[in-house]
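The following exercises are to be worked with the sequence and the coordinates at hand. Each task is followed by a solution in steps.

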Amino acid sequence: MLAFLIRRILQTVPTVLAVVLLIFVLFSVVPGSILSSMSDDGRGPTDPQVVERMKKQLGLDDPVYIRFGSYIARLTTGDFGTSFRTREPVTTMIAKRMWPTLQLIFAAMTFATAIGVPLGFIAALRPGGIVDTVSMVVAVSGLSMAKFWLGLLLMYLFALTLGWLPSFGYGDGGLKYLILPAVTLGVSPMALLARTTRAAVLEIMTADFVRTARSKGMSETRVVKWHVMRNALVLILTTIGLQFGALMGQAVVVEKLFSWPGIGSLLVDSVLQRDIPAVQGSILVVVLFFLAINTLIDVLYAVIDPRIRYA
Amino acid sequence: MTLKKIAIVAGLGLALAATAEAQTPRKGGTIRMTAPYGSSFTSMDIHTTQRAQDEIFAKGLHRSLYIWDSAEGKPVPELAKEVIVSGGGLVHTFKLRDDAYFHHGRKMTADDIIWSYNRIMDGSKAYPGARFVRVIEGAAEVEKGKAKEISGLKKIDDFTLEMKLTEKVDPGFYFFTALTSIYPADEGAKEGFIQKPIGLGPFKFVEHVPGSRVVLERWDRFYKPGRPYADKLIVSLMSEAAARDVAFRNKEIDTSVLGPAQYVAYQADPNLKGTIVEVAEVFTRYMGMNPGFKPFSDKRVRQAINHAIDTDLIISKLVKGKAYRATSWLPLTSPAYDKTMKPYAFDPAKAKQLLADSGYPTGFEFEWTTSQNESWGLPIVEAIIPMLDKVGIKVKVKQVETAVLAEVVRSGDFQAYVYSQSTGPDPQAALKCFHSSTPQSACNYMSFKNADFDKMIDEAGQTDDAAKRTQLLQKANALLYEEAPVWFFNYNKAVMAVQPWLKGIQLNATELTHQNVEDLWVDETSPAK
């Protein structure tokens, strides 16, 4: 297992390097800079002398290869650089935003898993039935609904009409502030999980080993519990893993809509204001999170399915 | 009968007393403002940022030498009780308040002002406020590293400060924004200052949750007696207009900035109509024309464009009436605005004639750089294209992000662009952007050159007669109208929805969201206790 882990971590190195290079190149060629964004609200021109001084201070006039070299050198020591906007270390900025984002993603995935997986199971056990039809309509709607729109609908219903929940903000980070953004974010993976689970269970239900189990006289409950569930879990877990990573990116819209102080809203503002170190740091964290979750899922495969071995 | 009269009189008395009570500011409660221009505050070090967003909370936390008085429409001394002008208008002696305490309990002195201005001029840090402090003699030397302290600032005693300027200007316009806030000299240099900023404002710092809010609480030793009224001030980040709308209707926030679509919706809703507060802000929206592009070098072509566009139609249909028609560069709320001026008439026939006279009878094509802004960007450009087409002018649209547009404008890399630019509050500074000595990258974006205009601006800068200065600035503004370096579109009408329980909102023409929060109060109907 340890050898596998080391191998997986080593495999992520080229991926991370490629991402670092891609982000750097992309933001080196996009027009606009922190200097132009300073005056983009038209309140007053940025003083030309201040502009020149900032260019020098931030190294914006340095050739790309020098900037890239110093960026990589800093990265190897775990230093993501200093934000052009806030003049704070990017690691500090990300650290402050990490917990709210993780809270949101875990809450969304918990919601998605708790609803989506049982829904898919129930639908598959009675294909074509009322539960199957309704759950699949819900799933397709959930997948096709824009998060921004869904979030607004939930705000109108649960905050404005019913008055049960606050419509925005982080508050004290408590549950009542978390519910609406988490449900908004979780609806799409919930729908996907329901469909994936249904498909996986339906396929396994017709597999030879299930037929054999039934022919041996095993009860339907035991068949589902010992054969169908365990085998379906591999696919479900893969979907959960992929969705976990994807949610980090999708959280951008939800965080902005609900004024949730996570990495997503930091990323949006940093891109708009061309705060390149903050953009690079935020994207890198998202990528690392995605890779870490996928490695964890690979490890979990072995726990669920003993046939999988890490040679 | 007598009893009836007594009852009526008593009833009226009670009603009057109730009205008077309703108007008496209430102590306590929480003010919940919103910051609508992004998902974060730039920094808790207000010297580092010139964004409107950051000044919203800074108005609670910090104080500058001057403050904007919305009722008067001008900056007035804030940290000084008296200002004595001498030396031909170049020397200003400030008798400072001796009752202004920083939030850590120390009294403000002249040393703090000198320290703060020296900090802003630190050339290695590139603080944006340097453009204001540079008006003090010797400040530029500090910026260049040739001096350690600004020579034009002299401490006479703890509460008397002498400031020598490089030009005859009203320092109020230079030292009223949060960019030149006064920090405590002993604490400001410490590393942890940004995490827990200390100021002179009516509210002291409690917490900053990045990406969410800033919370401030009443500073009991604030120098204005009885102020602030509220116990707490919360400024929440809410960049999504639709989400703000829900939160406002749900009474979770006390203020919300409205865009054109919401402006119409709120006007149509009898429950919300009364919450609307609006002011003509000192921002002019326009299309700048580069005289380096041959057709635009001819005044008649620029005038033709002004005649070819049905500006009123665009303001009413696309901007939903959330703007005032521009008659020239200086906005409605400018002290030098000339009410007698009339905008260019929509007259396509005259536009065609002007184009023919200038040698473009069949028109020409130009590239128009724009952002996506709903009030002055792409939707406006798209509506204008067919209007210009009718007089033979073809438009090629180049769409960029707002941040990129600012760069395009500053670098002069355009044929035409559409923009919203601050044109106040100082009319002289706003018009000086068109002075030939002003570099293109500073704010003379159209590289405007006109000897008569320069002369008027120079004379306005030299005269001590305020009436004469206004007259000269009005003439300069009229000359701009005639020269038409831009298509004069509109002056922004800032609109904010304010909950009925929040009182004391000031119609700040420099930026409506910037409120002197010590004057705000909430009545007992506020849901935030």
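**Exercise 1.** Leaving aside its neighbours within four places in sequence, with which residues is A308(B) in contact?

*Solution.* The model is predicted: local features need pLDDT of at least 70, side-chain atom pairs count only at pLDDT 80 or more, and totals for chains, interfaces and linings use all residues. Residues are numbered from 1 along each chain as its sequence is written, while chains are lettered from A and ligands numbered from 1 in the order in which they are written.

Step 1. Apply the contact criterion, namely C-beta atoms, placed from the backbone, within 7 Å. A308(B) then touches P348(B), A351(B), M387(B), L388(B), V391(B) and I393(B).

Step 2. Place A308(B) in its core. A nonpolar core is a set of buried Ala, Val, Leu, Ile, Met, Phe, Trp, Tyr and Cys residues joined through C-beta atoms within 7 Å; buried denotes 20 or more other C-beta atoms within 10 Å of a residue's own. The largest such core has 222 residues, and M287(B), A308(B) and Y417(B) touch the most other members. The element that gives the most to this core is α8(A), with 15 residues.

**Exercise 2.** Determine the strand order of the open sheet of four strands in chain B, and locate helix α2(B) relative to this sheet.

*Solution.* Step 1. Helices (H or I, at least four residues) and strands (E, at least two) are DSSP runs, numbered from the N terminus. Strands pair if DSSP finds at least two bridges between them. The order is β1-β10-β9-β8, with mixed pairing.

Step 2. β1 and β8 of chain B pair on one side only and are the edge strands. β9(B) and β10(B) run antiparallel, joined by five bridges; V215(B) stands opposite I234(B) of β10(B).

Step 3. α2(B) lies across β1, β8, β9 and β10 of chain B, at about 15° to β9(B), where angles run from 0 to 180 degrees between N-to-C directions and axes are lines fitted to C-alpha atoms, for helices over the stretch in contact. Ten of the ten residues of α2(B) (residues 52-61) are buried, so this helix is largely enclosed by the rest of the structure.

**Exercise 3.** Describe how helices α7(A) and α8(A) meet.

*Solution.* Step 1. The axes of α7(A) (residues 147-161) and α8(A) (residues 175-205) come within 9 Å and cross at roughly 140°.

Step 2. The contact is made by K147(A), L150(A), G151(A), L154(A), M155(A) and F158(A) of α7(A) with L180(A), V183(A), T184(A), L185(A) and V187(A) of α8(A).

Definitions and conventions: Buried ≥ 20, exposed ≤ 12 C-beta atoms within 10 Å, placed from the backbone. Contact = placed C-beta atoms within 7 Å.
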